[in-house]
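Here are my notes on the model you sent over, as numbered points. Have the structure open while you read.

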Amino acid sequence: EDSKNGLTFGNGSATLTTNKIPFVKDQRTFTIEWWMNSGRPTSFCNAIGDNEETFILKTDGNGRMHIFVNSKTTSTNPDFVIPGEWHHYAVTFSSGTATFYLDGNQIIRKSVGWAKLPELSKFNIGLSTVPFTGQIDEFRIWGTALSADEIKQYANSHIHDIKTAEEENDLVVYYSFNQNGGNVSDATSN
């Protein structure tokens with residue numbers, strides 16, 4: 001899809017902060033999925049979340065995506081995040097296992113040292129300490145761990161029936177970035 005209306009972070013100085021935190025304390029399942037055209041990482045970048053002590057996804061200079069929860073981490077192999085190209089990324093969590101997807105395909109599944117999320121004080125895309133480089137589009141958070149088939153389906157389409165997605169799969173955040181300015185709007189009822 002043409003992503004001229006994706007959110008551009010430019011030099012990484014911009015931050016998107018949600019008005020409502022999309023996770024509840026002790027949440028045990030979720031999916032985060034989005035399209036991204038990453039800038040070339042030189043150090044940690046592309047922050048999604050809060051911080052390492054609570055929850056954050058971020059990319060290192062070798063293209064590894066790391067997920068931190070309660071100061072514990074697991075990561076992908078190098079070159080998972082591909083700079084300068086649009087790709088669909090997804091991370092699911094359920095039953096102590098994080099699964100990473102690229103373009104709708106499961107890449108790696110790892111057991112992690114945590115079973116639930118702590119309470120977050122904020123939720124951001126991009127942080128001053130971990131800037132978001134490049135562009136992002138079609139950013140969604142689900143309160144369930146989507147299946148591989150659902151990830152593949154959503155990687156290649158808009159969500160046209162948002163109410164049904166909320167009811168059936170607990171869609172809690174949907175930023176389509178299809179506006180030309182102003183505050184970013186969440187398309188869900190949340």
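1. Start with the lining of the largest cavity: by class, 6 of its residues are nonpolar, 2 are polar and 1 is charged. This is a predicted model, so please read every point below with that in mind. The residues in question are W34, M36, N46, I48, L57, K58, T59, M65 and F132. Three elements, β3, β4 (45-51) and β5 (55-59), each give two or more residues to that lining. The biggest giver is β5, with 3 residues.

2. How many cavities of 30 Å³ or more does the structure hold? The count is 1. The volume of the largest cavity comes to about 40 Å³.

3. Now the sheet that β4 and β5 belong to. It is an open one of 6 strands, in the order β2-β11-β4-β5-β6-β7, and the pairing is antiparallel. β2 and β7 (72-75) are the edge strands, each with pairing on one side only. In general, strands of a sheet pair through backbone hydrogen bonds, either parallel or antiparallel.

4. Walking across part of that sheet, β4 and β5 run antiparallel and are joined by 4 bridges. If you want a register check there, G49 stands opposite I56 in β5. Next along, β5 and β6 are also antiparallel, with 5 bridges between them. Here K58 has H66 of β6 as its bridge partner. K58 is also one of the residues that line the largest cavity.

5. The last step goes from β6 to β7, an antiparallel pair with 4 bridges. V69 faces K72 of β7 across this pairing. Both hairpins are worth a look for their phi values. The one formed by β5 and β6 has 5 residues between the strands, and G63 takes a positive phi near 80° in it. In the hairpin of β6 and β7, with 2 residues between the strands, N70 has a positive phi near 50°.

6. Is strand β6 (residues 65-69) mostly covered or mostly open? Mostly covered: 5 of its 5 residues are buried. In a regular strand the side chains alternate between the two faces of the sheet. For β6, M65, I67 and V69 are buried on one side, and H66 and F68 are buried on the other, so both faces are covered. M65 appears in the cavity lining too.

7. Two more residues have phi values to inspect. Most residues other than glycine have a negative phi, and most peptide bonds are trans. D79 is not a glycine, yet its phi is positive at about 65°. D79 sits in the loop between β7 and β8, and with a relative accessible area of 60% it is exposed. E138, likewise not a glycine, has a positive phi of about 50°. E138 belongs to strand β12 and counts as buried, at 4% relative accessibility.

8. On to helix α1 (residues 148-155), whose buried residues are I151, Y154 and A155. Why do they line one face of the helix? Seen down the axis of α1, the buried residues fall within an arc of 105°, so one face holds them. An α-helix has 3.6 residues a turn, so residues three or four places apart point the same way. The cover over the buried residues of α1 includes β3 (30-38), β8 (86-94), β9 (97-102), β12 (134-142) and α2 (162-169). Two of those elements have come up already: β3 in the cavity lining and β12 as the strand that holds E138.

9. Last, the largest pocket, with about 360 Å³ of space in it. The lining has 20 residues, and T18, N19, K20, Y175 and D186 lie nearest the centre of the pocket. The elements that give two or more residues to this lining are β2 (16-17) and β13 (171-175). Of the elements, β13 has the largest share, 3 residues. By class, the lining of the pocket has 9 nonpolar, 8 polar and 3 charged residues. Note that β2 is also one of the edge strands of the sheet in point 3.

Notes. Residues numbered from 1 in each chain as written. Predicted model: local features only at pLDDT ≥ 70, side-chain atom pairs only at ≥ 80, totals over all residues. Heavy atoms only, no water. 1 Å grid on protein atoms, 1.4 Å probe; cavity = no way out; pocket = protein on both sides within 12 Å on 5 of 7 lines; lining within 4 Å. Points joined across faces, edges and corners; volume = space filled by probe spheres on them. Nonpolar A, V, L, I, M, F, W, Y, C, P; charged D, E, K, R; others polar. Buried < 20%, exposed > 50% of the residue type's maximum accessible area, 1.4 Å probe, protein only. Arc of directions from axis to C-beta. Contact = heavy atoms within 4.5 Å. Pairing = 2+ DSSP bridges.
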